[in-house]
Amino acid sequence: MTNNGLKIIEELESCVRSYVRSFPTVFTKARGYKMWDEQGKEYVDFFSGAGALNYGHNEPNMKKKLVEYILDDGITHSLDMATEAKVNFLEKFNDVILKPRDLDYRIMFPGPTGTNTVESALKLARKVTGRTDIISFTNGFHGMTIGALSVTGNSMKRSGAGIPLQNTVTMPYDNFVSEDLDTLEYLERFLEDNGSGVSIPAAIILETVQGEGGINAARFEWIKRVDDICKRWGIMLIIDDVQAGVGRTGTFFSFEPAGIKPDIVCLSKSIGGYGLPLALTLIRPELDSFKPGEHNGTFRGNNHAFITATEALTYWEDPAFEKSIQKKSDQITTFLDKMIKENPEMKGHLKGRGFMQGISSDVDGFSEKVAEEAFRRGLIMETAGGHDQVFKLFPPINIDEEGLERGFEIIEQSIKETVKTMNLEKDTVAN
Ligand code: PMP
């Protein structure tokens with residue numbers, strides 16, 4: 001059956017498909033951190049839909065609310081008309097997330113994906129400032145539509161555009177060049193010297209932890225300084241929290257520990273809670289200047305996602321939830337540190353923070369092989385970075401101890417096996 005299913009995909013689905021190549025099996029069922037394929041093989045999911053399943057698969061409370069809503073003929077599609085599901089979501093998001101963090105934002109619903117919220121943010125910043133350019137950072141990833149792609153670093157992704165990607169300038173992210181080079185001193189010189197060839201941009205866009213670009217975490221003081229620069233130069237600061245948001249780094253928004261309040265925040269992936277498409281663009285009220293319908297779309301405000309998103313916010317009503325994420329994040333750090341020390345052959349470096357950590361290996365192809373081996377042993381894990389040099393631990397943020405331990409065990413075995421199959425033990429001895 002599996003071979004048949006994969007054969008049909010190979011015959012009928014576009015070559016652009018990618019994750020099925022890394023995880024070549026036909027999945028049938030999932031719950032929490034577990035997935036099963038049609039052979040009944042069980043997998044531990046340390047991928048979480050690339051950050052769209054922060055609460056795991058088919059979370060029971062969200063499922064119950066959604067099924068009840070559907071059985072009760074609740075509204076499914078409504079463009080951006082008023083629905084009870086939307087009203088309830090807006091109110092709870094404001095009460096549980098924004099108000100306690102002293103954040104005052106208007107909530108815009110762009111199309112349902114990450115790239116949709118990024119497009120809306122870039123357009124809005126350009127409209128508000130009357131400027132055209134956007135500054136983005138090396139290894140940033142913001143999506144695949146032309147605007148979002150133009151602020152994305154990866155050359156393979158950029159080459160898919162088919163037209164020049166314009167009106168953007170890339171600057172070095174924190175630690176991009178070396179630990180000694182102050183990348184923000186460099187950026188600011190470009191802004192202040194009118195011989196630099198760089199105009200004052202409408203916005204600076206960044207991820208506080210770069211998900212696709214290699215789990216690069218910017219220091220909080222670096223993020224704070226970007227915010228200061230934006231304020232001094234009247235530049236809009238857009239934080240793309242599509243991947244790092246919704247608890248992934250340990251707090252609801254990834255920028256909270258840096259103590260900043262961005263002008264615009266992009267959210268998608270896990271904001272819907274259940275893996276249903278939903279995106280929000282949070283806008284400082286003074287900037288809320290699109291005319292009615294000036295930026296629209298048929299699938300804004302996915303009511304089913306509103307139902308699950310509202311239920312998901314219940315997790316955040318209890319401060320113990322945030323603490324539990326942070327405690328388990330420490331366990332992930334401890335585990336990865338141990339792996340790096342016990343397996344010097346992989347030449348590994350710890351990356352990221354919170355539930356967004358991984359190991360970057362200086363050995364060509366090592367991380368990809370670890371992910372492959374882990375899949376064989378029943379764990380789903382992605383790689384990141386321009387050369388897939390990072391293997392990336394992305395368990396659901398509500399995973400239990402047993403799930404974490406099971407994942408750790410498979411990763412440890414996969415690392416040891418990869419060291420063996422790549423003959424790295426010999427290398428180390430020879431060196
Ligand atoms: N921004 C970031 C930071 C992302 O990680 C992603 C997706 N990986 C996107 C934007 C684009 O989201 P989507 O794939 O839903 O368009």
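**Exercise 1. The seven-stranded sheet**

Which strands does helix α6 lie across, and at what angle to β11 does helix α6 run? Determine this for the predicted model, and then describe the sheet formed by seven strands.

Solution. Begin with the helix: α6 comprises residues 114–129 and lies across β4, β5 (134–137), β6, β7, β10, β11 (264–267) and β12 (280–283). Its direction is about 165° to that of β11.

Next, trace the sheet. The strand order is β4-β12-β11-β10-β7-β5-β6, the sheet is open, and the pairing is mixed. β4 (106–108) and β6 (168–171) each have a single partner strand, so these two stand at the edges and one side of each is left without a neighbour in the sheet. From one strand to the next the twist averages 20°.

Finally, examine one pair in detail. Strands β7 (residues 203–206) and β10 (residues 236–240) run parallel and are joined by four bridges. Within this pair, Ile205 is placed opposite Ile238 of β10.

**Exercise 2. The ligand site**

List the residues around the ligand, and identify the ligand atoms placed opposite Thr115, Glu212 and Asp240.

Solution. The surrounding residues are Thr113, Gly114, Thr115, Phe141, His142, Gly143, Glu207, Glu212, Asp240, Val242, Gln243 and Lys269.

Consider the backbone first: an N or O atom of the Thr115 main chain is 2.9 Å from a ligand oxygen atom. Then consider the side chains. An N or O atom in the side chain of Asp240 lies 2.7 Å from a nitrogen atom of the ligand. For the side chain of Glu212, the corresponding distance to a ligand nitrogen atom is 3.4 Å.

Two of these residues can also be placed in the fold. Thr115 falls within the range of α6, residues 114–129, and Asp240 falls within that of β10, residues 236–240.

**Exercise 3. Packing of α9 and α10**

Classify the relative orientation of α9 and α10, and describe the composition of their contact.

Solution. The axes of α9 (residues 183–192) and α10 (residues 220–233) come within 11 Å and cross at roughly 10°. Angles under 35 degrees count as roughly parallel, so α9 is roughly parallel to α10. On the α9 side, the contact involves Thr183, Leu184, Glu185, Leu187, Glu188, Leu191 and Glu192. On the α10 side, it involves Trp222, Arg225, Val226, Ile229, Arg232 and Trp233. Sorted by class, these are seven nonpolar, one polar and five charged residues.

**Exercise 4. The four-stranded sheet and the hairpins**

Give the strand order of the four-stranded sheet, and locate the turn glycines of the β1–β2 hairpin and the β13–β14 hairpin.

Solution. The open sheet has the order β1-β2-β3-β15, with mixed pairing. β1 and β15 (379–380) are the edge strands, each pairing on one side only.

Proceed along the order. β1 (residues 27–31) and β2 (residues 34–37) are antiparallel and share four bridges, with Ala30 opposite Met35. Two residues separate these strands in their hairpin, and Gly32 in the turn has a positive phi of about 60°. β2 is joined to β3 (residues 42–45) by three bridges, again antiparallel; here Met35 stands opposite Tyr43. Helix α14 (residues 401–421) lies across β2, β3 and β15, at about 100° to β3.

For the other hairpin, β13 (residues 348–353) pairs with β14 (residues 356–361) in the antiparallel sense over six bridges. Lys351 faces Gly358 across this pair. The hairpin has two residues between its strands, and the turn glycine is Gly354, with a positive phi of about 65°.

Conventions:
Residues numbered from 1 in each chain as written. Predicted model: local features only at pLDDT ≥ 70, side-chain atom pairs only at ≥ 80, totals over all residues. Heavy atoms only, no water. Axes fitted to C-alpha atoms, helices over the stretch in contact; angles between N-to-C directions. Parallel < 35°, antiparallel > 145°, perpendicular 65-115°, else oblique. Contact = heavy atoms within 4.5 Å. Nonpolar A, V, L, I, M, F, W, Y, C, P; charged D, E, K, R; others polar. Pairing = 2+ DSSP bridges. Near = heavy atom within 4 Å. Polar contact = N/O pair within 3.5 Å; in protein donor to acceptor, adjacent residues only side chain to side chain.
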